[in-house]
Amino acid sequence: MIVDLPSTTTTDISKRLIALRHSVGAMAMGRVLTLLLVTDEELADTAIEVANDATRQHPARILVLVRANRRGASRLDGQIRVGGDAGASEIVILRLFGEMADHGASVVTPLLLPDSPIVAWWPGEPPADVAASPLGAMARRRITDAGACAKPATQLRRRAKHYEPGDTDLSWTRITRWRGLLAAALDEPPHEPVTSAAVVAEPGEASADLIAGWLAQALDVPVQRVNSAQGTGIVSVRLDRADGPIDLVRADEGLSTLAQPGRPTREVALSIPNAAECLAAELRRLDADEVYAASLTDGLPEVTRRTVGAAKAARAGEVPAGPAELPDSDGPSMSARALQGRKPREEVPSQTRLQEQVDAAVAEAGAGTVRESADPDSLAGAVAAALVSTLEAAVAVRGVAHVALTGGSMGARTMGALAEQDLSSEVWSQVHIWWGDERFVPEGDADRNDQQARDAGLERLPVPAANVHSAPAGSSEDELGEAAARWASELAIHAPEGARSPQFDVVLLGVGPDAHVASLFPDRPELHETDRGCVPVTDSPKPPPLRLSLTVPAINAAERVWLVVAGADKAEAVRAARATRDDPHLPASWVRGTAETMWWLDRAAAGNEQAAAGNDQAAAGN
Ligand SMILES: O=C1O[C@H](COP(=O)(O)O)[C@@H](O)[C@H](O)[C@H]1O
């Protein structure tokens, strides 16, 4: 529902809001956070869409302050969006005209909720000193986006000059995965010291400048920033060591290569998150980001800018070759493109790339990308290997990682494959293990998902017992409510401030032939639960009847949601869920990660078994 209130006052807006909360439901009052979006008219629509999308991943109410035409008489136009038009929140848009445009703080104050922390976001040009500005001063966190501004380098200098704890920038959030991969590469033997580093990116690419600043402060070595052609975004990072360089090179959209001495070059997933994903990631934390502060204020001023271009530096062997010579283009910077929801650079269509492009388009529609393995065992092996690199990268960046495991047919198989991996106890002592759902039967029962994981090798992982968070056990419906409450408090203990469950780095989900995920079954009320991180389930259509399950918001707050599916009996569920979004008959169509939604399928679940059998027969006939 959208209610327009032209030429209004904040008192009128407040009254209408209260009335609407009564008639539509008090959806926003229980929300923990107010996102204060401060924008000019030009960016308003896109930024509201981005904020709305982000708050589906991390619930918050949204207050939008649009500085409209400053000429003419003072006026306030209001708009309230609730229900379906506001996604997971309520949205209040305040358009300020005339002199009022400069007094946003006093307009917004009456609409703030007493105990709700405020996060302010400037998607375009922010005030020079954000923390000291009237709107910034009322916020616990202040999110800017240097890359979306006309002069990114000037913005970064200003951010550094006026930095206050609570400041952050989406140009920084965009490089989380780059940092994770580089940190994980350095964690691997041989632990040779890095002697210098180079970051290649288009001029004015704020995210690249911040990677360079991060390296300079973290490694305390000379770091060079080398320019590639306009429109190329971040191209590569080289870390020089005595035994040879570590090169992380963006080879193609979403895919990159990591080369290290003495190891085969690996392909790694390195997609740049879009603006909503970055914003959601920032909404999940309310504490100061000290690494950002150090990279911005200590590291960045130490970075040397090379005048020689990337192509020449590559020919001289100073930076990785190849993508450094990407053609010129005069597109906007990667950060600005991310806000506009556009792709980092145009693809060159070719026959062989067709399937990838289809997959990318499906991924963009929310259905995620597909990784196909030949059979259930190789699928389990691929998932286990990816889990190791992802969790190790998360520990390298944040010092901790949280993973939710699945039960069902692929749960035990994946655990078996994980237990076979060579895992560093130092890193895995920081990994926390949870389950996406649990069958509510007594402890040790062979039906329990945690027991099946134990039988498959859980205890061989070097994870401390205290970090294994089994869901409560029990046997009767009378105990289920209390068990759900206990599980909720355990989840809350490890949740970031303002959230109800840990921010999972990865949630693994099996998918039933009916497209159920965790214990969220088709057409059941649990699927629509938005106020809790976990729910009790009775009368489950699949035995046993009593279960506990994470809810959709808890799952979708995860950075990565990996659906792991094997078997031809699941092919139709996979196809149907990937073709739609949020269909109550298809719980698998409701889940997605903030940075990645990956369908790990065996050939049969991908619906390719017959095609493969046909090919085999054809090959045999030849
Ligand atoms: O009961 C459950 O079923 C699903 C799917 O399992 P599958 O055996 O059909 O692969 C599973 O994801 C869930 O964790 C489990 O409790």
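1. In this predicted model, strands β3 (residues 61-67) and β5 (residues 91-97) run parallel and are joined by six bridges. Within this pair, L63 of the one strand faces V92 in β5.

2. Both strands belong to an open sheet of eight strands with mixed pairing, in the order β1-β4-β5-β3-β2-β6-β7-β8. At the edges stand β1 (2-5) and β8 (167-169), each of which pairs on one side only. From one strand to the next, the twist averages 15°.

3. A helix should be considered together with these strands. Helix α2, comprising residues 41-57, lies across β2 (34-40), β3 and β5. Relative to β2, helix α2 runs at about 160°.

4. As to confidence, the protein has a mean pLDDT of 86, and 88% of its residues reach 70 or more. Residues 324-366 have a pLDDT below 50, yet beyond near neighbours in sequence this stretch has 82 contacts in the model. Where pLDDT is low, predicted coordinates should not be read in detail.

5. A further stretch deserves separate mention. Over residues 614-622 the pLDDT stays under 50, and the model shows zero contacts for this stretch beyond four places in sequence.

6. For the complex, the predictor reports an ipTM of 0.98. The pTM that the predictor gives for the complex is 0.59.

Methods. Residues are numbered from 1 along each chain as its sequence is written. This is a predicted model: local features need pLDDT of at least 70, side-chain atom pairs count only at pLDDT 80 or more; totals for chains, interfaces and linings use all residues. pLDDT is the predictor's confidence in each residue, from 0 to 100. Two residues are in contact if their C-beta atoms, placed from the backbone, lie within 7 Å. Two strands pair if DSSP finds at least two bridges between them. Helices (H or I, at least four residues) and strands (E, at least two) are DSSP runs, numbered from the N terminus. Axes are lines fitted to C-alpha atoms, for helices over the stretch in contact, and angles run from 0 to 180 degrees between N-to-C directions.
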